[in-house]
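Got your viewer open? Load the model below, switch to cartoon view, and let's walk through it one selection at a time.

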Amino acid sequence: MKKSKIAIIILIIIVVLIVGAYFGVSYFLDKDLEKQEQELQESVETLGTINEENVATLVAKFNTEVMDNGPQYPASDDYFAAENDLYWYGLYEDIYLYVEPVNYTGDKEADVVDMTAIHFSKDSEHADIALGLAKNLIKANNSELTNEEIDQLIAQAQEASKDKLVANNGKGITVALAENETNYEYQVVRIYNENK
């Protein structure tokens, strides 16, 4: 009888410890989740957000910018390829536009744009054309930006590239100048509000 009372007391202690641990862990996880949500909201407020855009619409906006502002090398389906879940467009000589969707389906009308980039060779004789196309790409991603803001983003991206960072002015996109052994890319990443 004495052993059964001890066993019951031990069992009650174990149950109390389990319940206490459960509520303690839940409390700390909820606090951590609240902190992460707050940090995400602060990041969204700092970086800004823009509306979702599908691949077809963004490429059309890019082409409008290119034709209105030069250099006049728009993205054409005549020089199009889908490869490695990216949409590639040949623009001029060794300069390409590619579009990376959030989730690749192969349908440009359905795929939402995550990142766009002007890709060109490091030894390209047309780096100035690539820069002009990059400015058009930035404007296509956020038409509210002024030419001065676009120039500032490009300059910040070039400086930040030394530390593999990106430029942002709080208006829903980031701009980066990325490189590998043979190529440069002006990359524009769209920032969406995931809470909508």
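Let's begin with a pairing: how many bridges join strand E2 (residues 86–92) to E3? Select both strands and you'll find five, with the two running antiparallel. Keep in mind throughout that this is a predicted model.

**Stop 1: the hairpin.** Show Tyr 89 as sticks, then look across to E3, where Leu 97 stands opposite. Now follow the backbone round the end: E2 and E3 make a hairpin, and two residues sit between them. Click Glu 93 in that turn and check its phi, which is positive at about 45°.

**Stop 2: the other side of the pairing.** Add strand E4 (residues 113–121) to your selection. E3 pairs with E4 too, again antiparallel, here over seven bridges. For a landmark, pick Pro 101 and Val 113 in E4, which are bridge partners.

Why call strand E3 (residues 95–101) largely enclosed by the rest of the structure? Because five of its seven residues are buried, where buried means under 20% relative accessible area.

**Stop 3: the core.** Nonpolar side chains tend to be buried together in soluble globular proteins. Here the largest nonpolar core has 35 residues, and the ones touching the most other members are Phe 62, Leu 91, Leu 97, Ile 118 and Ile 138. Elements giving it two or more residues include E2, E3, E4, helix H2 (55–69) and helix H4 (147–160). Helix H3 (127–141) is on that list as well, and H3 provides the largest share, seven residues.

Center on Leu 91 next and show its neighbors. Leaving aside residues up to four places away in sequence, Leu 91 touches Phe 62, Tyr 73, Pro 74, Ala 75, Tyr 96, Leu 97, Ile 118 and Leu 133.

**Stop 4: out to the surface.** Jump to helix H1 (residues 2–47) and select Val 15, which is found there. Is Val 15 buried or partly exposed? Partly exposed, since its relative accessible area is 46%. Then add Leu 11, Val 19, Tyr 22 and Phe 23: together with Val 15 they make a nonpolar surface patch of about 520 Å².

**Last stop: zoom out.** Color by secondary structure and you get four helices and seven strands, in the order α-α-β-β-β-β-α-α-β-β-β along the sequence. Turn on the surface for the protein chain: the accessible area comes to about 12,200 Å², and 53% of that belongs to carbon and sulfur atoms. Of the chain's 196 residues, 35% count as buried.

Conventions:
Residues are numbered from 1 along each chain as its sequence is written. This is a predicted model: local features need pLDDT of at least 70, side-chain atom pairs count only at pLDDT 80 or more; totals for chains, interfaces and linings use all residues. Side-chain values use heavy atoms; hydrogens and water are left out. Patches are made of residues with over 30% relative accessible area and no salt bridge: like charges are joined within 9 Å, nonpolar side chains (Val, Leu, Ile, Met, Phe, Trp, Tyr) within 5 Å. Accessible areas come from the Shrake-Rupley method with a 1.4 Å probe; for residues, only the protein chains shown count as cover. A salt bridge is a side-chain nitrogen of Lys or Arg within 4 Å of a carboxyl oxygen of Asp or Glu. Buried means under 20% relative accessible area, exposed over 50%, partly exposed in between (1.4 Å probe, protein chains only). Two strands pair if DSSP finds at least two bridges between them. A nonpolar core is a set of buried Ala, Val, Leu, Ile, Met, Phe, Trp, Tyr and Cys residues joined through side-chain atoms within 4.5 Å. Contact means heavy atoms within 4.5 Å.
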